[in-house]
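Me: Please look closely at one loop with an unusual backbone. Then follow the chain outwards from there. What is the setting, and what lies around it?

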Amino acid sequence: MPVLSPAPMTRSFQFRDLLIAFVLLLASVQCVRSIYGSSISFIDWRAYAAGQAPMPYQGRIGMMPWLRWAESSPWMLRLCRRYQTISEVGNKLAEPMTVEKFASMLASLAALLLMVAAAGWYSLRCGYRPWWLLPALVLLIVMLTLALRTEANYWYVYDLPHAALFGLASLCILEGWWAPLLPLFALDTLVRETSVYLIVLAAAGLAAEQTRARRRLGAAAILLMAAGWAAMRLAIQHRFAHNPSELGPRLGLNLHTLLLPHHWPQLFSAGGYLVLFVWLERRRLPRRQQLFLWAALLCAPLTLYFGIWVETRIWLEWTLPLAVLAAAEWSGSQHASVNAQGTQ
């Protein structure tokens, strides 16, 4: 019996699908509210908007215009005060709801909704059943990574916007869509320096191309990405050369926390506890996705060197790609089970 392959769903949305979409919307809102309601920030975001925060935080300039606009907008100030008044009824906030925090929460909500919508669309495109599994995995990863933390519970204005841009760019790489990859990468380069990982992932996508024309197109895209990233980082370093810097390896701190078992639950919550399972089931992935997974593994040492491991947000950019790989493995296992039953 031939191996079944996912077929795109062509049926129109039914009431149950709309109900599921509404529940996913509620879960997204609650996830973001939990992050910003229970987390605090050690960064002066007003100084960030003015270009005065330490590096590397100041170098993530993509959200500066948004915060500057929010600070000068009477409409945003009124909304912020209104939201704080409503939120303080019956409970106390971890820190004041400043207009910078309120604007960050709105940007993060928009980014998370974009990721959930993209996951649902991609699931329908690939014919994964149930279609809502992939967006549910995205929410699960974000909740476990950012909302359910007992230590290093900080919020950042650029985390979820970066995760959304990085995730959409990853979908482009997985599908071989080189043209839309470039603007997504350009935007993500402004938001976070780890957009450089997309160049490594794109190289894996290039290795999976079947024709010479496609390989040329991919190679040109990778060269443009590398040149653009280098130019942007050099410009940022020059612009903020006099800012204080907190950039440096944290290996001593990380190895210390690794030796204490009470840190392990939070350490492994990064990626929604799915990283190990996705790796162990990689044989169920098609070749392009396997190459993508190997390329992602090559990026991990840089994050481990500069990142603080209990700040599980350092892995947040992998949310959508990790959910896609997990859903693909689930689909592969289902098809294998169907084929095994058919041969009996």
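**A loop and its surroundings**

Reply: Alanine 152 lies in the loop that links H6 to H7. The model is predicted, so read each value as computed from it. Phi at alanine 152 is positive, about 55°, although the residue is not a glycine. Most residues other than glycine have a negative phi, and most peptide bonds are trans. Is alanine 152 buried or exposed? Its relative accessibility is 15%, and the cut-off for buried is under 20%, so alanine 152 counts as buried.

Now step on to H7. This helix covers residues 159–175, and its axis comes within 7 Å of the axis of H5, residues 99–126. The two axes cross at roughly 20°. An angle under 35 degrees counts as roughly parallel, so H5 and H7 are roughly parallel to each other. Their crossing is left-handed. Which residues make the contact? On the H5 side they are Ala107, Ser108, Ala111, Leu114, Met115, Ala118, Tyr122 and Arg125. H7 brings Leu160, Pro161, Ala163, Ala164, Leu168, Leu171, Leu174 and Glu175. By class, this H5–H7 contact holds 13 nonpolar residues, one polar and two charged.

Step back to the other side of H6. The loop between H5 and H6 (133–147) holds proline 130. The peptide bond from arginine 129 to proline 130 is cis, with omega about 0°. A second cis bond joins methionine 55 to proline 56, where omega is near 5°. Proline 56 is in the loop between H2 (45–49) and H3.

H3 leads to another helix pair. The axes of H3 (residues 64–72) and H4 (residues 74–87) come within 5 Å and cross at roughly 80°. That angle falls in the 65 to 115 range, so H3 and H4 are roughly perpendicular to each other. From H3, the contact uses Trp66, Trp69, Ala70, Glu71 and Ser72. From H4, it uses Pro74, Trp75, Met76 and Leu77. The H3–H4 contact residues divide into seven nonpolar, one polar and one charged.

Next, a polar residue in a helix. Serine 28 belongs to H1, residues 15–38. What is its accessibility? The relative value is 0%, so serine 28 counts as buried. Beyond its neighbours within four places in sequence, serine 28 is in contact with Leu109, Leu112, Leu113, Val116 and Leu139.

Further along the chain, tyrosine 273 also has a positive phi without being a glycine, this time of about 65°. Tyrosine 273 lies in the loop between H12 (264–269) and H13 (275–280). Its relative accessible area is 38%, so tyrosine 273 is partly exposed. Alanine 152, by the same scale, counts as buried.

Last, the cysteines. A disulfide is a covalent bond between the sulfur atoms of two cysteines. How many disulfides does the model hold? The count is zero. Cysteine 299 is in no disulfide, and the nearest cysteine sulfur, that of cysteine 172, is 17 Å away. The cut-off for a disulfide is 2.5 Å. At 3% relative accessibility, cysteine 299 counts as buried. Cysteine 31 counts as buried too, at 1%.

Notes
Residues numbered from 1 in each chain as written. Predicted model: local features only at pLDDT ≥ 70, side-chain atom pairs only at ≥ 80, totals over all residues. Heavy atoms only, no water. Buried < 20%, exposed > 50% of the residue type's maximum accessible area, 1.4 Å probe, protein only. Axes fitted to C-alpha atoms, helices over the stretch in contact; angles between N-to-C directions. Helix = DSSP H or I, 4+ residues; strand = E, 2+ residues; numbered from the N terminus. Parallel < 35°, antiparallel > 145°, perpendicular 65-115°, else oblique. Left-handed = near helix turned anticlockwise from the far one by under 90°. Contact = heavy atoms within 4.5 Å. Nonpolar A, V, L, I, M, F, W, Y, C, P; charged D, E, K, R; others polar.
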